[in-house]
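Visitor: Hi, could you walk me through this one before I start working with it?

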Amino acid sequence: MSYVPIRCLQFIDVTFDNKSYSVFVIIKMELSSNVNHCYTNTEVEPSSKPPPHPPPDKKKYTLHADKDSYDFVAHRSTRKPTNTLESIGHLVKGCLGGGILGIHEAYMKCGLWSSLVITIVFGFYITYCVHILVKSAQILYKRLHVPEMSYPDVAEASLEIGPFPKLRKYSKWFRYAVDLIICIDLFGACCVYQIIIAKTIKQLIGGNEGIDSENLNYLRLYILALLVPILLLCMITTLKYLAPFTLLADVFIVACVIATVVYSLRSAPDISTVPAWKDVIGFFEFCGIVVFSMEGIGVSLPIENNMKEPKKFPIILSAGMTVVVSFLIVVGFFGYWGFGESSRSPVTLNFPSEIFATIMKCLMAVMIFVTFALNFWAPFNLVWHYVSKKHDPKKHWLWERLYRGSFIIVITAIAIAFPNIGNLMGLLGAFCLSNMGFIFPAIIELLVVWEDPGLGKYRWRLWKNVLVLLVGILLFIAGTYSNVKGLIANL
C-alpha cells in the first residue's frame, strides 16, 4: 500500500478573547487506496503570542439530540457475532457455576416447598433486573452514539449525563463501585471453587466423615495443599489454553443434574415428611445462595454486545433463565428431598461410593480446578488494568505475576478461614449480587428514564424501582448478617 503526502502552507487569522493572532498552518494529508488520514500541525509565528488553550473537557460521554438517529447495531464491528442459540448457551454458562453444586443445601436451610416457590420468584426478579440493565444500556447507546458498553461504562454514563447535575462528579465513583463489587464476587467465587475441590479430594482419600471441628481442620490442610497447583495454573495469562474446557464443564454440570435425580430417588423418604418451611434465618441464608447460583448480571452486557441481533435480547434472556431456574430447582429439590438433613456441599459428596459416581467426582474436581483459572482471569484483568499504571511497562511481566500470586494467596487464606461453602455463597449473593444485580440496575434505570420518557402516570417507574431497591437493600442487610453469622460460627 503506497501513501502520497500532500502539504499545504497557509497563514490564517485567529480571534480569541477579542484578540487577533497570525497563525502559520501546515495541513498534511496522506492518501492511500483505501483510507484517508488527515491531521493538522499548527505552528505559531514567533512574533505572535499563542492564544491560551481552553481547559480540556473532562466529560467522557457526549449527549446527542434525540433527532440525531443512531443505529448502534449497524455501527458494531463484531468479528464473529453470536446467533440466538449460541447466545442462550453463553447466558446459561454464565449463570450456572459452582452455585448449582450447593443449592440443595440452601433448600435444606429454608424448607422444601418454600424454597421451590422462592426460587421461581427470584428467577423472575433477577430476569427483570437484567432486562432493565440491558434496556437502559441500549437507550444510552442511542443517546451517546456508542455501539456497545460494559456494565461499568453504563453505570458511569448514566450518572454523568443524568438528570442531577450535582451528582455527575461522582460518575467515576459509581464506575469504581461496580468494578469493586464485580471483583469481590468473582474472587469470592474462586474461594468457593477451591473449597469444593478440597472437599472432593478429601472425600475420595479419607471417606465420608461427618462435619466437625477436627474434620474442618483436615479440610483446611487440603485447601492449603491446593495453593501451589492453583498458583501455577493461574500464571497462565491467556484464555486460549483454558477456554476449551468450558464446554466439558457444561457437560459435567448436566451430568451432575441427572445423577442428582437418580441417586436422590434411591433414598428419598415420603415427601410429606420433609419440612416445607424452617425459619427466617434459614430463609435469608437461602436467598443469598439462590441469588449467587443464578445471577447472570455480569455476563448479560458482554453477551448482548456480541449478539448478531441484540434487540432480541429479551428472548435470549427469557429462554436462558428458564433453563437456569429449571436446573437449580431440579438439583435443589431432589437433592434435599433425597439426601435430607445430612446434605453436604458440593452435591456430589452425597453420591454413593460407586465406580461411576467416583469417576464423576474426580472429573468434576478437575473441571472446577480449570474453571478456577477462568473465573480468576476476569477480575484479575480488571485489577491489573488499574495497578499496571503504577509500574514501569518494562517490568509488567514480573509485576503481573507477583500480583497474581498475591491474590491467590489471599483467596486461599480466606478459603482456609471460612471453609463453609453454603454460607460463603450466601454472603457473596447477599453482599455482592444484591448490589450488582438489584440495587445498581434500579438506580441506572431511574437515571436513564427520569427525564425521557419520564416517570409515567402516578410516577409508576419511580415506585417500581423503589420496590426493586428495597428488596435489594433488605437482602443486602439481612442476608449479609445471617451468612456472616454462619461463617463465624464455623471458625
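Guide: We can go from the overall fold to the surface and then to a few single residues, keeping in mind that this is a predicted model.

Visitor: Okay, how many helices and strands are there in the protein chain?

Guide: The protein chain has 15 helices and 3 strands, and of its 491 residues, 49% count as buried.

Visitor: And what share of the contacts comes from residues 24 or more positions apart?

Guide: Taking the contacts in the protein chain with a separation of 6 or more, residues 24 or more positions apart account for 80% of them.

Visitor: Switching to the surface, how much area does the protein chain expose?

Guide: The exposed area is about 24500 Å², of which carbon and sulfur atoms supply 66%.

Visitor: Which residues make the nonpolar surface patch?

Guide: That patch, of about 600 Å², is made by Phe164, Leu167, Tyr170, Trp173, Tyr176 and Trp450.

Visitor: Where does tyrosine 170 lie?

Guide: Tyrosine 170 is found in the loop that runs between helix H4 (151–160) and helix H5 (171–206), and its relative accessible area of 40% makes it partly exposed.

Visitor: New topic: is glutamate 285 buried or exposed?

Guide: Glutamate 285, which belongs to helix H9 (residues 280–294), counts as buried because its relative accessible area is 10%, and the cut-off for buried is under 20%.

Visitor: What does it touch, then?

Guide: Leaving aside residues up to four places away in sequence, glutamate 285 touches Lys109, Asn423, Gly426, Ser482 and Asn483.

Technical notes: Residues numbered from 1 in each chain as written. Predicted model: local features only at pLDDT ≥ 70, side-chain atom pairs only at ≥ 80, totals over all residues. Heavy atoms only, no water. Helix = DSSP H or I, 4+ residues; strand = E, 2+ residues; numbered from the N terminus. Buried < 20%, exposed > 50% of the residue type's maximum accessible area, 1.4 Å probe, protein only. Contact = heavy atoms within 4.5 Å. Areas by Shrake-Rupley, 256 points an atom, 1.4 Å probe, with all protein chains shown as cover. Patch = residues over 30% accessible without salt bridge, like charges linked within 9 Å, V, L, I, M, F, W, Y side chains within 5 Å. Salt bridge = Lys/Arg side-chain N within 4 Å of Asp/Glu carboxyl O.
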